[in-house]
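Reader: I would like a close look at one part of this model, namely the way its helices pack in pairs. Please set that in the context of the whole chain and give the cut-offs behind each term.

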Amino acid sequence: MNSSLMPSFAPAPAQLLSGAARRAHSPAALVGDTPVLWVGEPFTDAGRGFWAKLEGHNPGGIKDRTALFMVERARERGDLLPGARIVESTSGTLGLGLALAGIVYGHPVTVVTDPGMEPLVSGLLAAYGADVQSVSEPHPVGGWQQARRDRVSELLVLHPDAWCPDQYHNPDNVSAYAGLARELVAQLGRIDALVVSVGTGGHSAGVASVLRGYFPALKVVGVDTPGSTIFGQEATPRLMRGLGSSIYPRNVDYTLFDEVHWVAAGEAVWAARALARSRYATGGWSVGAVALVARHLAATLPAEARIAAVFPDGPHRYAGTVFDDTWCRERQLLGCEPADAPDRITHGGERVITRWTKCETVLDPAPPPAGQGVVAGAAGLAGAAGLAGVAGLAGVGR
């Protein structure tokens, strides 16, 4: 019989679903298991490249992981009571994660931000039911971050049962990223170098510490921005959000880093746009800065080195900034193609940095007093007194 005359049958339902996305009964189940993408030429030199962990595939970005984890642990300890309000300072991504956690666990959420938050993000937060409050003036020493934290302290007095995660000093913010590290091991098998942006210190410490357990010789490269105090620079106004700090987050584990790079705003814009044109997968400030440094490692490490770079979010919230020609032109951020290699300094406070610069001596610029380790996490921040104590320690950042 002519086989061409035989009727054709559709695959069985189980075959249709093979390899399909997982089903979820809770939005929390959509967090994690993000893909990795090879980033090679033309963004990199021929035959060179790195693997990008695309955390923008989480519903709100990389901080969905830590928001859910910090809230879950606080509930287990009894620090966050059923139905109590969550209050936190954020430049955006953690706010989206906390809005998700509030929906999952049944908590109202108040986020305190500043005028730099993109309208898209503040609109999404409102749509997700979060109360969005914005401070109007930066703190004279601690900048916008300290101004936001001061407002959080005030809100905790108004809401005595409220809880603040304090992402800058909460060790749960570090532990939350063990899953991301294990995903990278499962996806890549071997990792020789890790490139991570540094802001609160959560995902850099959480991912790097776990990977070092698998790969003791792992090279860990931190990425910061000029005007950030984390690695010893003086605080100055910063356009770039999501990395850097004007205080000293105690979650930053300085012992993990082999080197740190500072990437300027125009250079991050160039890299984010070059990524978009060449690989489609891109993002904002942190992604551009991390990609530039990972590109450099791919060019300078042995060809067989396997490099993993964490991309914290996607491009959508940056349509009016990083990817807006008018906005960038007004701030002189266009045409800032980076040099082939970074400048070098011997220590973080050697001089003021204005362009891509590298330092291989990584020290804590504000070590805690003798006998005092990392500040206690959420358990000590259930009320205004707890937050005020941490603000007193970390708010001296410049």
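Author: What follows starts with the chain as a whole, turns to two helix pairs, and ends with some single residues.

This is a predicted model, in which local features need pLDDT of at least 70, side-chain atom pairs count only at pLDDT 80 or more, and totals for chains, interfaces and linings use all residues. Residues are numbered from 1 along each chain as its sequence is written, and side-chain values use heavy atoms, with hydrogens and water left out.

The protein chain has 12 helices and 11 strands; helices are DSSP runs of H or I with at least four residues, strands are runs of E with at least two, and both are numbered from the N terminus. Of the 398 residues in the chain, 54% are buried. Buried means under 20% relative accessible area, exposed means over 50%, and partly exposed lies in between, with a 1.4 Å probe and protein chains only. The accessible surface of the chain is about 16800 Å², and carbon and sulfur atoms hold 56% of this area, as computed by the Shrake-Rupley method with a 1.4 Å probe. Among contacts in the chain with a separation of 6 or more, 71% are between residues 24 or more positions apart; contact means heavy atoms within 4.5 Å.

Now the helix pairs. Two packed helices are described by the angle between their axes and the distance between the axes. Axes are lines fitted to C-alpha atoms, for helices over the stretch in contact, and angles run from 0 to 180 degrees between N-to-C directions.

Helix H2 (residues 63-77) packs on helix H3 (residues 93-105) at about 45 degrees, with the axes 8 Å apart. H2 and H3 are therefore oblique to each other: angles under 35 degrees count as roughly parallel, over 145 as roughly antiparallel, 65 to 115 as roughly perpendicular, and the rest as oblique. Their crossing is right-handed, which is the term when the near helix is turned clockwise from the far one by less than a right angle, left-handed being anticlockwise. On the H2 side the contact includes Leu68, Met70 and Val71, and on the H3 side it includes Leu94, Leu98 and Val104. By class, the contact of H2 with H3 holds 11 nonpolar, three polar and four charged residues. Ala, Val, Leu, Ile, Met, Phe, Trp, Tyr, Cys and Pro count as nonpolar, Asp, Glu, Lys and Arg as charged, and the others, Gly among them, as polar.

For helix H7 (residues 178-188) and helix H8 (residues 202-214), the axes come within 8 Å and cross at roughly 45 degrees. H7 and H8 are therefore oblique to each other, and H7 passes H8 in a right-handed crossing. Ala178, Leu180, Ala181, Arg182, Leu184 and Val185 of H7 meet Val207, Val210, Leu211 and Tyr214 of H8. This contact has nine nonpolar residues, no polar ones and one charged one.

Some single residues remain. His296 lies in helix H10 and counts as buried because its relative accessibility is 10%. Beyond its neighbours within four places in sequence, His296 touches His261, Asp340, Ala341, Pro342 and Trp356. Tyr280 sits in the loop between helix H9 (265-279) and helix H10 (285-300); its phi is near 70 degrees, a positive value in a residue other than glycine. Tyr280 counts as exposed, at 75% relative accessibility. The peptide bond from Glu41 to Pro42 is cis, with omega near 15 degrees, and Pro42 is placed in the loop between strand S1 (36-39) and strand S2 (50-54).
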